[in-house]
There are 2 protein chains.
Amino acid sequence: MTTLRDLGENGLIQRFRALLPDDAPADLLTGIGDDCAVLRLGGEVLLVSCDASLENIHFQRRCMPGEGIGWKAAASAISDIAAMGGEARFLLVTIAAPSDTETAFLDDLFRGISGAAAHCGAVIAGGDTTRSPEGVVIDIMALGVAPGGRYMLRGGARPGDVLAVTGWPGLSAAGLLALQAGVEAPPLTEKHLHPLPRLAEGQWLARRESVHAMIDLSDGLLRDAGHIAEAAGIGADIDPDALPVSPAFREYGRLIGVDPRALVLSGGEEYELIIAVDGAAWAGLKKDFGAEFELELTAAGRFTELRGIRVAGEIPDETGFDHFRFG
Amino acid sequence: MTTLRDLGENGLIQRFRALLPDDAPADLLTGIGDDCAVLRLGGEVLLVSCDASLENIHFQRRCMPGEGIGWKAAASAISDIAAMGGEARFLLVTIAAPSDTETAFLDDLFRGISGAAAHCGAVIAGGDTTRSPEGVVIDIMALGVAPGGRYMLRGGARPGDVLAVTGWPGLSAAGLLALQAGVEAPPLTEKHLHPLPRLAEGQWLARRESVHAMIDLSDGLLRDAGHIAEAAGIGADIDPDALPVSPAFREYGRLIGVDPRALVLSGGEEYELIIAVDGAAWAGLKKDFGAEFELELTAAGRFTELRGIRVAGEIPDETGFDHFRFG
């Protein structure tokens, strides 16, 4: 008997895709398989995505305040819009919770969702609420637009492209470890509780001819770089000495007892952006990005003809996180 | 300590509304509180809704096949588009399931969702899959358009309007009882497993000047008539002798041992439409509807200045179903 555990999340998505009719309508520009679905409706190109967060899978109430759980759930859905270069416009919010859930917790949760929405220029338009038999379930649908009809897919990377990433990956994962251990480490926990979808940066990057592909960093750098490479039928080699290791790790890394570079490679829920950039244009892009945004943009490797993701030429053990296989 | 049980579903929605910023943008035409949110994007008026179905709250796997669970979950979301007079276009599908869930069940579930989508002219554009700690969770987001920018809200009913309903309410609820009891009753179980959102009927009704308000029958006739009345600040009186009692009840009602009229009044998940119609125009509307559709349209009562929902002038005991309060 085959179960979800055997298939994994990607296997299940492939299976569902195979069950869909072949004749997708012309107004579905991109269906299952990228960060968002891309639709043409009226005069606009719409980007839509949904993202579920379940208690004891994606978050634990004992080490995370309701406000942070809500913010993170909304940021995660909105980040998919950022990854296509879109503007976030509306959210639909589904919340299911056991009957004995304190309303104070639900208020906090909703305030977090509402806060992230406001920060990102999106409006909560509706949703659904219901009882759950066990555990809190949050599902956020984000609806955005592609400015001028332009958007960036994950599949355009070419061998020789620079693999670059925004910000300081690994901080969110480190923040979770700090929360679980009860360690005070504000720059880490803040990144975990209030990740900021890179909307302005994504829109800016999506307008550059030299940027060939983009994805948001939700499953870990290794794994998300793998998604870009796989979509293009190529590979990538990551330079461990080039990884962006946040200065905050120097101060707090020892407190939580982890190797920062391992977190940079595997930490998920960072909601930074990973891009594939034409090698010849990289230096100019980095300079222009630095002039526009107060955010790091770091070359962490190169895309290669050879398939698979390698670190300094070797296939690493840990290739990210799959919700069905792990735990 | 206040919990969800004390608030109820409507109380929670009111609470969330109060937490939202006051300054809704001009392109949010209708936010929380109707069947769909109504948005203006590009040249179109969009209708969006989401609807969650949880195992052991909304369905039980032991008495329902995966295909029916999926169909029903999709139909429920699409029905919200029908209730505004819209065309269904796209679905996003979130599915969470325990790791040990059989993939054969998930295939069936997805086939049901896909079947309902195809029947309604909608396309599955994307979604999310993840592991759940316990029980299957389905959340469907339906995205539709209002033809010519015209849509029908639930709040326009006036005292003296006829309260009318399409089809045979109660059949779906009876079908569930038949499934639970293991009784063979195809016209009942089919209505429960494969409800048909009334899209064409909703579009037709939304174009008629004499139709003042519309809602889909998801929580039961009494309760959904109450939603229309409450939105207009009025009431309604239902005539128990005028209720549409399906001929199928004559054949199967005794097998499942229930009073058909009780099911007609309280049965949810029927996905028929309830409308408020100008009294002077009712006879003409009914005639025109009958010429257009092979579906009953029955006057079951009148809207009244006096608030509250009454049956033959009396406040009934059972006013519908609230997911947080019951069970």
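Select A:Val162 in this predicted model, and then bring up strand β11 of chain A beside it, where A:Arg302 stands opposite A:Val162. Widening the selection to residues 162-166 and 297-304 of chain A shows strands β7 and β11, which run antiparallel and are joined by five bridges.

With that pair still highlighted, select helix α10 of chain A, residues 282-292, which packs on the sheet and touches β7, β8, β10 and β11 of chain A. If you compare directions, that of helix α10 makes about 155° with that of β11(A).

Now show the whole sheet of chain A, an open arrangement of six strands whose order is β8-β10-β7-β11-β9-β12 and whose pairing is mixed. Its edge strands are β8 (211-216) and β12 (308-311) of chain A, each of which pairs on one side only. From one strand to the next, the twist averages 25°.

Helix α7 of chain A, residues 221-232, is the next selection, and it lies across β7, β8, β9 (235-238), β10 (273-277), β11 and β12 of chain A. Relative to β8(A), helix α7 of chain A runs at about 135°.

Before leaving chain A, go to A:Phe249, which has its place in helix α8, residues 247-256. Is A:Phe249 buried or exposed? Its relative accessibility is 4%, and it therefore counts as buried, the cut-off for that class being under 20%. Display its surroundings, leaving out residues up to four places away in sequence, and you will find that A:Phe249 touches A:Pro169, A:Gly170, A:Leu171, A:Ala174, A:Arg254, A:Pro260, A:Leu263 and A:Val264. For a distance to draw in the viewer, take A:Phe249 and A:Gly182, which are 67 residues apart in sequence and 17 Å apart in space, C-alpha to C-alpha.

Move to chain B and select its open sheet of six strands, ordered β8-β10-β7-β11-β9-β12 with mixed pairing. Strands β8 (211-216) and β12 (308-311) of chain B stand at the edges and have a single partner strand each, so one side of each is left without a neighbour in the sheet. The twist in this sheet averages 25° from one strand to the next.

Within the sheet, highlight residues 162-166 and 273-277 of chain B, strands β7 and β10, which pair in the antiparallel sense over four bridges. Here B:Val162 stands opposite B:Val277 in β10(B). Adding residues 282-292 of chain B brings in helix α10, which lies across β7, β8, β10 and β11 (297-304) of chain B and runs at about 155° to β11(B).

Select helix α7 of chain B next, residues 221-232, whose twelve residues reach 17 Å from the first C-alpha to the last, close to the 16 Å expected at 1.5 Å a residue. How many of the twelve residues of α7(B) are buried? Nine are, which leaves the helix mostly covered, and B:Leu221, B:Arg223, B:Asp224 and B:His227 are among them. Just past the helix, B:Gly233 follows with a positive phi, near 70°.

The last stop is B:His194, in the loop between α5 (186-193) and α6 (199-206) of chain B. B:His194 has a relative accessible area of 18% and is therefore buried. Which residues does B:His194 contact, leaving aside its neighbours within four places in sequence? They are B:Glu67 and B:Trp71, and with the side chain of B:Glu67 the side chain of B:His194 makes a polar contact of 2.7 Å.

Conventions:
Residues numbered from 1 in each chain as written. Chains lettered and ligands numbered in written order. Predicted model: local features only at pLDDT ≥ 70, side-chain atom pairs only at ≥ 80, totals over all residues. Heavy atoms only, no water. Helix = DSSP H or I, 4+ residues; strand = E, 2+ residues; numbered from the N terminus. Buried < 20%, exposed > 50% of the residue type's maximum accessible area, 1.4 Å probe, protein only. Polar contact = N/O pair within 3.5 Å; in protein donor to acceptor, adjacent residues only side chain to side chain. Contact = heavy atoms within 4.5 Å. Pairing = 2+ DSSP bridges. Axes fitted to C-alpha atoms, helices over the stretch in contact; angles between N-to-C directions. Expected span 1.5 Å × (residues − 1).
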